[in-house]
Amino acid sequence: MAERVGISVSYLSQIESDDRPMTAAVLIAFSRAFPADWADIDPDDDANLLIDTVDAVRDVTIPGPDVSDEEIQKALLRQPQLARRLVATHHAYRRSQEQLRSLDDAFDRQGAPSSTLPWEEVRDWFHAEGNYSDRIDRHAETLSAELRFREGSWSTSLAAMLRDRFGVTVHRLPSVRGASPLRRFDAKARVLELSRSLAPESQLFLIAHQLVRLEMAAMIDEEVAAAGLQSLEARKLLSVGLSNYAAGALLMPYGAFRTAARTLRHDVDALSHEFGVSFEQVCHRLSTLQRPGAAGVPFFFCRVDLAGNITKRHSATRLQFARYGGACPLWIVHEAAAIPDRILVQLAETPDGEQYVSMAKGIVKTTDSYLKRSRRYAVALGCEVSNAASFVYADELDLSGQYSATKIGVSCRICPRDDCDQRAFPPTGRALKIDPDFRTVVPYGFE
């Protein structure tokens with residue numbers, strides 16, 4: 001910690017013991033090294049104002065001269081109200097950028113209704129909640145501890161609890177031509193049927209899904225009712241989503257999983273073997289470790305299909321994905337989708353100057369027949385470069401080179417980069433420059 005902050009170990013020890021004060025300079029250093037841990041500081045606190053002012057002044061998307069930490073501290077002492085106004089203006093600027101992303105998304109919806117669609121409502125609800133439900137997560141952790149005392153494998157214990165508490169038995173669906181369900185629950189007959197094409201980890205997850213859906217039905221219903229979603233379809237989708245969330249929390253209980261993740265430096269393959277779950281399930285769970293007072297490393301997670309559509313997404317970092325359509329083509333996740341079962345790593349830099357370490361893996365979900373096409377996609381997981389020491393995939397990357405990071409964006413229509421050879425569309429609101437006698441890879445420039 002002392003090395004990351006840039007102070008001596010003895011100085012850090014004295015701060016911990018309240019023998020030395022947390023000066024403004026040290027506070028700035030801590031906020032840069034551990035940005036996620038300062039989120040709960042009171043908004044009226046002077047320390048929070050200092051951190052927000054530094055964040056506003058150092059925003060590389062806003063042109064202007066550099067301002068030193070000492071100059072920022074002097075400005076806060078002499079003009080605190082001006083600093084608060086600067087911070088408020090910066091927050092408004094960021095909100096406007098979010099609105100611009102939404103306008104960009106509208107281009108990709110291609111005539112979809114202006115009202116929010118049910119799956120969009122649910123996706124936005126999870127995003128607003130930080131992809132974490134404290135009540136459901138803690139209850140699932142308690143249930144997981146109870147299951148650990150049962151004899152046999154996870155699958156046997158889950159099936160036994162499902163049978164003993166709810167009279168539900170598990171069967172395998174016979175192979176059939178054409179489309180067939182992965183899971184079917186007959187509430188009247190008390191039978192859960194699972195597709196034979198599912199991998200053992202997927203079968204385990206769906207058994208857990210059914211168990212928590214019955215065990216935590218009242219709790220899930222209360223969460224759905226409190227969410228205030230507009231449509232019946234959205235409420236049903238949220239119910240399914242919360243059941244999936246609870247199943248993941250049951251198989252990867254928060255405390256044990258967070259401890260293992262830190263010990264293994266977030267090695268997804270190692271965690272998959274440790275908890276008997278799939279690669280994708282581990283990636284998704286890592287993005288949910290946002291328990292107050294015991295948060296994990298802030299990660300972003302997404303799943304991308306072969307067409308570049310983002311079918312799952314969440315970010316506890318500053319990185320935000322395009323809400324509709326595809327992601328930046330320079331991002332490694334697209335290459336991973338075409339190369340199954342290989343892990344690719346990348347150091348990427350967004351237009352705001354933030355750098356991220358990301359890994360991506362192509363995944364193939366097989367079927368039970370030659371006549372059914374396998375499902376292919378890629379998952380990506382990443383964190384800010386400040387957390388690279390906790391992320392095993394950063395070990396083989398050069399994090400210090402001037403040209404080490406790949407310059408990526410969110411979407412071409414809102415990406416300000418003027419030197420990208422992969423640009424598909426000009427940026428919104430920028431005047432084009434066309435020179436018939438001069439040509440680069442992209443056939444236009446812009447103001």
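Which residue forms a salt bridge with Arg 291, and how far apart are the closest N and O atoms? The partner is Glu 141, with the closest N and O atoms 3.2 Å apart, where a salt bridge is a side-chain nitrogen of Lys or Arg within 4 Å of a carboxyl oxygen of Asp or Glu.

This is a predicted model, in which local features need pLDDT of at least 70 and side-chain atom pairs count only at pLDDT 80 or more, while totals for chains, interfaces and linings use all residues. Residues are numbered from 1 along each chain as its sequence is written, and side-chain values use heavy atoms, with hydrogens and water left out.

**Salt bridges**

The count of salt bridges comes to 17, and three of the pairs are set out here with their distances.

| Pair | Closest N to O distance |
|---|---|
| Arg 291 and Glu 141 | 3.2 Å |
| Arg 313 and Asp 124 | 3.9 Å |
| Glu 193 and Arg 184 | 2.9 Å |

Arg 291 sits in the loop between α15 (279–286) and β4 (300–305), whereas Glu 141 belongs to helix α8 (residues 134–148), 150 residues apart; helices (H or I, at least four residues) and strands (E, at least two) are DSSP runs, numbered from the N terminus. Arg 291 is buried at 8% relative accessibility, while Glu 141 is partly exposed at 23%; buried means under 20% relative accessible area, exposed over 50%, and partly exposed in between (1.4 Å probe, protein chains only). Both residues also belong to a network of salt bridges that links Asp 137, Glu 141, Arg 285 and Arg 291.

Arg 313 lies in strand β5 (residues 310–315) and Asp 124 in helix α7 (residues 118–128), so their salt bridge ties together parts that are 189 residues apart in sequence. Arg 313 is buried, with a relative accessible area of 17%, and Asp 124 is partly exposed at 24%.

**Nonpolar cores**

A nonpolar core is a set of buried Ala, Val, Leu, Ile, Met, Phe, Trp, Tyr and Cys residues joined through side-chain atoms within 4.5 Å. The largest such core has 70 residues, and those that touch the most other members include Leu 158, Leu 250 and Met 359. Helix α12 (residues 232–251) gives the largest share of this core, nine residues. A second, separate core of 20 residues includes Phe 300, Leu 319, Val 333 and Ala 360.

**Positive phi**

Most residues other than glycine have a negative phi. Asp 18, however, has a phi near 65°; this residue lies in the loop between α2 (9–16) and α3 (24–33) and is exposed, with a relative accessible area of 69%.
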